[in-house]
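Reader: Hi! I am new to reading structures, and I would love a close look at one part of this one. Could you walk me through it slowly?

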2 protein chains.
Amino acid sequence: MQSISNKRRLSALKARASVFAALGDETRLSVLVKLSNGQPQSIARLTAGTDLSRQAVTKHLRVLANVGVVRSLRVGRESLFKLEPQPIEDLRDYLDQVSRQWDDALARLKAHVEG
Amino acid sequence: MQSISNKRRLSALKARASVFAALGDETRLSVLVKLSNGQPQSIARLTAGTDLSRQAVTKHLRVLANVGVVRSLRVGRESLFKLEPQPIEDLRDYLDQVSRQWDDALARLKAHVEG
DNA sequence: GAGAAGCGCAACTGAATGGTTGCCAATCGT
DNA sequence: ACGATTGGCAACCATTCAGTTGCGCTTCTC
């Protein structure tokens, strides 16, 4: 049965899904890009150049923070956000794994047909 | 200005965001896993073992199909769905690129401090 | 110390999402 | 030919989501 392992797998799936969901928004993706230069940036800064309100951007940042893609640190009156690369790398590895499984499965199917 | 290139970049962003959004659901992720064995599977088959209705699964499959992660082919009375690896690999490459940019940026910042 | 900059909280709105149910059409097996 | 399998379409419902606005608090700056 491996029920424990199944539970693990399920919660991992849920966690991954929420990270994907967090990245599933144009605004949040562009925030990600803005933060990928390594420098923490304030909400006001991230809002500038956007046609959104500050509060909208704040909400998006909270979504990103809730899944760990981003971390906030308060400095004076402004709260800076920095990118947290670990979850992103996890997703990359996961997608890589799915791709590989697909490749392997196809190769096996092909071998089976030819054999 | 590079307005054309900017437009390209924006629509690419939008497309990527919708693929991420499509993967941002537990049910759809597990469908993805089920399909990663290379064999096209029917809606009924993908529904079995789930606590969802067939229609719910159908809707999820449509979401996946709309972003090209999955393709459907009608065979007899059943419609089979197969995984389409290209968009997934694209996402993987994109995440890889973001990670790398972050790494490079940090290295550059560090060098700047030390220099 | 006064004003401005930056932000958080709360309430509200419209649209999208995830899910259900009911019904009907096509296809398969016997 | 008939019943069962498979699935599409449409209507409907509850919840979530993205976004706004208004207000008040802290922290700079002059």
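Which element gives the most to the surface near DNA strand C?

Author: Happy to help! Please keep in mind that this is a predicted model. The element you are after is H4(B), which gives the most to the surface near DNA strand C, with five residues. You can find this helix at residues 54-66 of chain B.

Let us look at what else is around that strand. In total, 19 residues surround DNA strand C. The closest are Ala44(A), Glu78(A), Ser53(B), Ala56(B) and Gly76(B), so take a moment to find them on both chains. From chain A, helix H3 (43-47), helix H4 (54-66) and strand E3 (78-83) each supply at least two residues of this surface, as does H4 of chain B. Sorted by class, the surface has five nonpolar, nine polar and five charged residues.

Now turn to the other strand. DNA strand D is also surrounded by 19 residues, and the closest are Ser53(A), Ala56(A), Gly76(A), Ser42(B) and Ala44(B). Here H4(A) gives the most, with five residues. At least two residues each come from H4 of chain A and from H3 (43-47), H4 and E3 (78-83) of chain B. By class, the surface near DNA strand D has five nonpolar, nine polar and five charged residues.

The relation between the chains is worth a look here. Chain B can be laid on chain A by a turn of 180° and a shift of 0.0 Å along the axis, with an RMSD of 0.0 Å. The two copies are thus related as by a two-fold rotation axis.

Next, see how the chains meet. In chain B, 31 residues are in contact with 31 residues of chain A. Helix H1 (3-23), helix H2 (26-35) and H5 of chain B each supply at least two residues of the side that touches chain A, and H5(B) gives the most, with 14 residues. That side of chain B divides into 17 nonpolar, seven polar and seven charged residues. Since 100% of the interface residues of chain B are also interface residues in chain A, the copies meet through the same surface.

H5(B) itself covers residues 85-114, which makes 30 residues. From its first C-alpha to its last it reaches 43 Å, close to the 44 Å expected at 1.5 Å a residue. Among its buried residues are Leu91(B), Leu95(B), Val98(B) and Trp102(B). Leu95(B) is also a contact of Leu91(A), along with Arg16(A), Val19(A) and Phe20(A), leaving aside neighbours within four places in sequence. Leu91(A) and Leu91(B) are among the residues that touch the most other members in the largest nonpolar core, which has 46 residues.

Another spot to find is Gly24(B), in the loop between H1 and H2 of chain B. Gly24(B) counts as buried because it has 20 C-beta neighbours inside 10 Å. Not counting residues up to four places away in sequence, Gly24(B) touches Ala17(A), Phe20(A), Ala21(A) and Gly24(A).

Finally, go back to strand E3 of chain A, where Lys82(A) has its place. With 15 C-beta neighbours inside 10 Å, Lys82(A) counts as partly exposed. Lys82(A) and Val70(A) are twelve residues apart in sequence and 5.6 Å apart in space, C-alpha to C-alpha. Val70(A) is one of the residues that Lys82(A) touches, together with Leu35(A), Pro40(A) and Arg71(A), not counting residues up to four places away in sequence.

Notes
Residues are numbered from 1 along each chain as its sequence is written. Chains are lettered from A and ligands numbered from 1 in the order in which they are written. This is a predicted model: local features need pLDDT of at least 70, side-chain atom pairs count only at pLDDT 80 or more; totals for chains, interfaces and linings use all residues. A residue is near a molecule or strand if its C-beta atom, placed from the backbone, lies within 6 Å of it. Helices (H or I, at least four residues) and strands (E, at least two) are DSSP runs, numbered from the N terminus. Ala, Val, Leu, Ile, Met, Phe, Trp, Tyr, Cys and Pro count as nonpolar, Asp, Glu, Lys and Arg as charged, and the others, Gly among them, as polar. The expected span of a helix is 1.5 Å times one less than its number of residues. A residue is buried if 20 or more other C-beta atoms lie within 10 Å of its own, exposed if 12 or fewer, and partly exposed in between; C-beta atoms are placed from the backbone. Two residues are in contact if their C-beta atoms, placed from the backbone, lie within 7 Å. Copies are superposed by least squares on the C-alpha atoms of residues with pLDDT of at least 70 in both. A nonpolar core is a set of buried Ala, Val, Leu, Ile, Met, Phe, Trp, Tyr and Cys residues joined through C-beta atoms within 7 Å.
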